[in-house]
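Q: Could you take me through one part of this structure up close, starting from a single residue and working outwards to whatever surrounds it?

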Amino acid sequence: YGTMRQNVIGLEVVLADGTILNTAGKNRAKKTAAGYNLTSMFIGSEGTLGIITKATLRLHPQPAAAAAAVCSFPTVRAAAETAISVMHSGVPIARIELLDRSTMHAVNKKFATSFAEQPTMFFEFHGSEDALQAQQAVVQDLATASGGSAFAWATAQEDRNKLWHARHNAWYAAVNLRPGCRGFATDVCVPISRLADIVTFADEEIQRLGLVAPIVGHVGDGNFHCIAVVDPTKPDEIKAAKLLGERLGEMAISMEGTCTGEHGIGLG
């Protein structure tokens with residue numbers, strides 16, 4: 001359904017002098033060309049322009065049908081290339097997430113699951129029953145073309161929740177790889193056409209720096225995170241994690257992307 005910015009209709013904010021401002025006024029029209037886009041400006045201000053006290057959000061109807069699937073790949077590049085192909089195909093996919101080999105190992109270890117410990121894509125499809133079948137066929141073909149495995153499907157709500165539990169708890173699973181250590185996250189985002197290049201670069205940098213850093217990403221919009229799990233008592237590990245963040249940020253910017261897709265961290 002897009003990014004958070006696209007789903008915020010209006011905000012109530014308190015300015016530095018105590019003034020209460022409604023960024024969209026009392027306008028409930030679907031669109032308007034009057035005045036500045038204050039809502040978008042405040043969303044991107046990281047709290048520097050005012051304190052957000054209320055948010056009016058866009059609602060989406062429950063789909064008539066939904067299905068989720070997982071598919072593993074031989075390399076992280078192959079998985080990322082599938083994400084690019086899916087987004088370019090025009091399939092109205094609801095969710096598309098990437099978890100690398102290290103993340104899948106962490107999930108299995110933390111939650112006693114039995115996922116293939118390979119780079120894996122998680123998909124979710126919404127729509128009518130007929131539309132789902134058409135979407136699934138297209139995405140399965142694209143995944144197969146990149147060396148993907150057969151899809152493992154979940155259609156019941158309970159089964160879909162179990163499948164997505166792995167993605168939702170990837171951070172905790174990653175940190176659990178090294179008890180007593182802490183997570184250091186990167187947040188780069190690039191044009192979708194450069195996703196495979198930068199994910200491959202990240203994977204190679206992690207290996208070169210000797211870090212434990214699982215990769216997870218909302219790859220439908222070109223955004224992903226490396227979760228460097230480091231011992232806070234070891235300066236060399238902290239230095240390596242920061243270096244990873246700097247190099248990824250610089251690479252993303254060189255690809256006409258950003259060092260921070262959603263969390264407001266990094267350089268530039």
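A: Sure, let's start with Ser72. Ser72 counts as buried because its relative accessible area is 18%, and the cut-off for buried is under 20%. Keep in mind that this is a predicted model. Ser72 sits in strand β4, and its bridge partner in β6 is Thr120. Setting aside residues up to four places away in sequence, Ser72 touches Ala116, Gln118, Pro119, Thr120, Gly147, Gly148 and Ser149.

Now zoom out to the strand itself. Eight of the eight residues of β4 are buried, so the strand is largely enclosed by the rest of the structure. Ala65, Ala67, Ala69 and Cys71 point one way from β4, while Ala66, Ala68, Val70 and Ser72 point the other way, and all are buried.

What does β4 pair with? One partner is β6: the two run antiparallel and are joined by eight bridges. Besides the Ser72 pair, Ala65 stands opposite Gly127 in β6. Another partner is β7 (residues 152-154), again antiparallel, with three bridges to β4. There, Val70 has Ala152 as its bridge partner.

Follow the β6 side next. Strand β6 is mostly covered too, with seven of its eight residues buried. It also pairs with β5, in the antiparallel sense, over five bridges. In that pairing Leu98 stands opposite Met121 of β6.

Met121 is a good one to click on. Not counting residues up to four places away in sequence, Met121 touches Ala69, Val70, Cys71 and Phe73, as well as Ala79, Ala83, Ile96, Glu97, Leu98 and Val219.

Phe123 is found in β6 as well. Phe123 is buried, with a relative accessible area of 0%. Leaving aside neighbours within four places in sequence, the contacts of Phe123 include Ala67, Ala68, Ala69 and Cys71, and also Thr82, Val86, Ile93, Arg95 and Ile96. Val139, Phe151 and Trp164 are in contact with Phe123 too. Take Ile93: it is 30 residues from Phe123 along the chain, yet the C-alpha atoms of the two are separated by 7.6 Å.

Both of these β6 residues belong to something bigger. In soluble globular proteins, nonpolar side chains tend to be buried together. Here the largest nonpolar core has 48 residues, and those with the most contacts inside it are Met121, Phe123, Leu195, Ile198 and Phe224. The elements that give two or more residues to this core are the strands β4 (65-72), β5 (95-99), β6 (120-127) and β10 (223-230), together with the helices α2 (76-89), α4 (129-145), α7 (195-209) and α8 (235-254). The largest share, eight residues, comes from α7. Apart from this core lies another, of 19 residues, among them Met104, Ala106, Leu177 and Ile227.

Two of the helices in the largest core also pack on each other. Helices α2 and α7 pack at an angle of about 160°, with their axes 8 Å apart. Angles over 145 degrees count as roughly antiparallel, so that is how α2 and α7 lie relative to each other. The crossing of α2 past α7 is right-handed. If you want to see where they meet, α2 brings Val76, Arg77, Ala80, Glu81, Ala83 and Ile84, and α7 brings Leu195, Ala196, Asp197, Val199, Thr200 and Asp203. You'll recognise Ala83 as one of the residues that Met121 touches, and Leu195 as one of those with the most contacts inside the largest core.

Finally, have a look at helix α3 (residues 101-111), where Thr103, Met104, Ala106, Val107 and Asn108 are buried. Of these, Met104 and Ala106 are in the 19-residue core. What covers the buried residues of α3 includes β5 and β6, along with α5 (157-168), α6 (170-175) and β9 (215-218). Just after α3, Ala112 takes a positive phi of about 55°.

So, back to where we began: Ser72 is a buried residue in a strand whose eight residues are all buried, and β4 is joined to β6 by eight bridges and to β7 by three.

Technical notes:
Residues numbered from 1 in each chain as written. Predicted model: local features only at pLDDT ≥ 70, side-chain atom pairs only at ≥ 80, totals over all residues. Heavy atoms only, no water. Core = buried A, V, L, I, M, F, W, Y, C linked by side-chain atoms within 4.5 Å. Buried < 20%, exposed > 50% of the residue type's maximum accessible area, 1.4 Å probe, protein only. Helix = DSSP H or I, 4+ residues; strand = E, 2+ residues; numbered from the N terminus. Contact = heavy atoms within 4.5 Å. Axes fitted to C-alpha atoms, helices over the stretch in contact; angles between N-to-C directions. Parallel < 35°, antiparallel > 145°, perpendicular 65-115°, else oblique. Left-handed = near helix turned anticlockwise from the far one by under 90°. Pairing = 2+ DSSP bridges.
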